[in-house]
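Reader: I've just pulled this one up and want to get a feel for it before I head back to the bench. Please walk me through what stands out.

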Amino acid sequence: MPVNYRLEDDQLNALIDRQEGPLVLADAATAPRVVRQDVAVFGDWLAALPAEVDPSETPFDDDAVAVVLYTSERRRRNRRRRCCDIAT
């Protein structure tokens, strides 16, 4: 779920906390700001992936939520997109 890294720390953590079992990837500057979830620095996470894994061959569920977009913190509404919605 992409989030606005310019949010205050409490707002950033509140958005992440709303997600069930998030995988939090961040740059090295933002990672220390995430306090209530495990966070991985993107470059380290990418380097740790097995070389034999081809991301284009990874199976996915067309009905699973692929991205949660927060359109406005004031409205506190989010938009969920299914995998097949993104591809089309």
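Reader: How much accessible area does the nonpolar patch on the surface have together?
Author: Before the number: this is a predicted model, where local features need pLDDT of at least 70, side-chain atom pairs count only at pLDDT 80 or more, and totals for chains, interfaces and linings use all residues. Residues are numbered from 1 along each chain as its sequence is written, and side-chain values use heavy atoms, leaving out hydrogens and water. Patch members have over 30% relative accessible area and no salt bridge, with nonpolar side chains joined within 5 Å and like charges within 9 Å. Here L23, L25, F42, W45, L46 and L49 form the patch, and together their area (Shrake-Rupley, 1.4 Å probe) is about 530 Å².

Reader: And which element gives that patch its largest share?
Author: F42 is a good place to look, as this patch residue sits in a helix (a DSSP run of H or I, at least four residues; strands are E, at least two). That helix spans residues 42–48 and holds W45 too. With three residues, the largest share of the patch comes from α2.

Reader: How are the F42 and W45 rings arranged: stacked, edge-to-face or tilted?
Author: They make up the one aromatic pair in the structure. Rings pair with centres within 6.5 Å, and planes under 30 degrees apart are stacked, over 60 edge-to-face, the rest tilted. The two residues are three apart in α2, about one turn of the helix. Their centres are 5.8 Å apart and their planes at 35 degrees, so the pair is tilted.

Reader: Are those two buried, partly exposed or exposed?
Author: Buried means under 20% relative accessible area and exposed over 50%, with partly exposed in between (1.4 Å probe, protein chains only). F42 comes out at 40% and W45 at 30%. Both values fall in the middle class, so F42 and W45 are partly exposed.

Reader: Which residue does D9 meet in a salt bridge?
Author: D9 belongs to helix α1 (residues 9–17) and is partly exposed at 38%. Its partner is 24 residues away, in the loop between β1 (24–26) and β2 (39–41). A salt bridge needs a Lys or Arg side-chain nitrogen within 4 Å of an Asp or Glu carboxyl oxygen; at 2.5 Å, N to O, D9 meets R33.

Reader: What's the N to O distance in the D17 and R36 salt bridge?
Author: This is one of two salt bridges in the whole structure. D17 in helix α1 reaches R36 in the loop between β1 and β2, 19 residues apart. D17 is partly exposed at 31%, as is R36 at 47%. The distance between them is 2.4 Å.

Reader: Which element gives the most to the largest nonpolar core?
Author: A core is a set of buried Ala, Val, Leu, Ile, Met, Phe, Trp, Tyr and Cys residues joined through side-chain atoms within 4.5 Å. Here the largest one has six: L7, L12, L15, I16, V24 and V34. L12's contacts (heavy atoms within 4.5 Å) include core members L7 and V34, as well as R33. Giving three residues, the top contributor is α1.

Reader: Stepping back, in what order do the elements run?
Author: The protein chain has three helices and four strands. Of its 88 residues, 18% count as buried. From the N terminus on, the order is α-β-β-α-β-β-α.

Note on methods: Rings of Phe, Tyr and Trp (its six-membered ring) pair if their centres lie within 6.5 Å; planes under 30 degrees apart count as stacked, over 60 as edge-to-face and the rest as tilted. Lists of a residue's contacts leave out its neighbours within four places in sequence.
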